[in-house]
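Subject: Structure handover

Dear colleague,

Please find the sequence and structure below. My notes on the metal sites and the salt bridges follow.

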Amino acid sequence: MSTLIGKLSPSVTNLIRMDHAHVLATFQQFHAGTGVRKKQALVESACLALEIHAQLEEEIFYPALRELASDTTIVEKSFPEHSEMRRLITRLRGMVPTDPEYDNAFMELMRDVMHHVADEETTLLPAAERLLCERLGDLGAEMTRRRLQLLGSHAGEIASNTLRSFPESAIVMASGAMAAGAYLFGRAGARPGPGPAPR
Ligand SMILES: [Fe+2]
Ligand SMILES: [Fe+2]
């Protein structure tokens, strides 16, 4: 499995872009008029995806970039932004979706995340693609392995969120954080189909 991940995993920068797209797609499903159960599932799904994404960036991506960047300001400012995001996630988890402040708290998280994602996509990822060009594939494989570990410990929570926000989260999950793992498992299990039935 480890060798397969090394061969098939997208580059680290493309994995990060996929995660961003996944979270932004979850945000788009959230509306003030959404039912309480589905709203909570969308929020929980977005929060978990953001936590895993931030952990992966902090453990694997930012340290690799920090080693090579002459100006690390852009990397360093990401840590307090992740901390603020975690603070808002903790606040949301302490609320019920019927709380009058629930929507505002999630809107604040969405605004912060969209700003952070825009910075990463316009400056951090292009810088990484210049500086880490030789290592993008290896770092992508490392990120995929670590993601599978982290997802494994949250499997029940992910299944519950998917069921409660179905069908949107099923579409979102297929396109986002789970995509790399699902893609790899799919390729690992793929075999040539049977030929035409004998006449
Ligand atoms: Fe980040
Ligand atoms: Fe990111």
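How far apart are the iron ion (ligand 1) and the iron ion (ligand 2), and which glutamate coordinates both? They are 3.3 Å apart, and the glutamate is Glu57.

First, the conventions. This is a predicted model, in which local features need pLDDT of at least 70 and side-chain atom pairs count only at pLDDT 80 or more, while totals for chains, interfaces and linings use all residues. Residues are numbered from 1 along each chain as its sequence is written, chains are lettered from A and ligands numbered from 1 in the order in which they are written, and side-chain values use heavy atoms, with hydrogens and water left out.

Iron sites

Donors here are N, O and S atoms within 2.8 Å of the metal (3.2 Å for Na, K and Ca); water is not among the atoms, so sites may look incomplete. For the iron ion (ligand 1), the protein donors are Glu57 (OE), Tyr62 (OH), His82 (NE2), His116 (NE2) and Glu120 (OE), at 2.0 to 2.3 Å. His116 and Glu120 are four residues apart in helix α6 (residues 102-131), which means that about one helical turn separates them. Helices are DSSP runs (H or I, at least four residues), numbered from the N terminus. Both His116 and Glu120 are buried, meaning under 20% relative accessible area (exposed is over 50%, partly exposed in between; 1.4 Å probe, protein chains only).

The iron ion (ligand 2) has His20 (NE2), His53 (NE2), Glu57 (OE) and Glu120 (OE) as protein donors, at 2.0 to 2.2 Å. Its four donor atoms subtend angles of 80 to 166°, so the arrangement is irregular: four donors are tetrahedral if all angles lie between 85 and 135 degrees, and square planar if opposite donors are over 155 degrees apart and all others between 65 and 115. Glu57, in helix α3 (residues 36-68), and Glu120, in helix α6, are 63 residues apart. Glu57 is buried, as is Glu120.

Salt bridges

The whole structure holds ten salt bridges, each a side-chain nitrogen of Lys or Arg within 4 Å of a carboxyl oxygen of Asp or Glu. One of them joins Arg147 and Asp19 (3.1 Å, N to O). Arg147 lies in helix α7 (residues 136-152) and Asp19 in helix α2 (residues 12-29), so the pair ties together parts 128 residues apart in sequence. Both Arg147 and Asp19 are buried.

Another links Asp103 and Lys39 (3.1 Å, N to O). Lys39 counts as buried because its relative accessibility is 7%.

Regards

Terms used: Helices (H or I, at least four residues) and strands (E, at least two) are DSSP runs, numbered from the N terminus. Four donors count as tetrahedral if all angles lie between 85 and 135 degrees; four count as square planar and six as octahedral if opposite donors are over 155 degrees apart and all others between 65 and 115; anything else is irregular.
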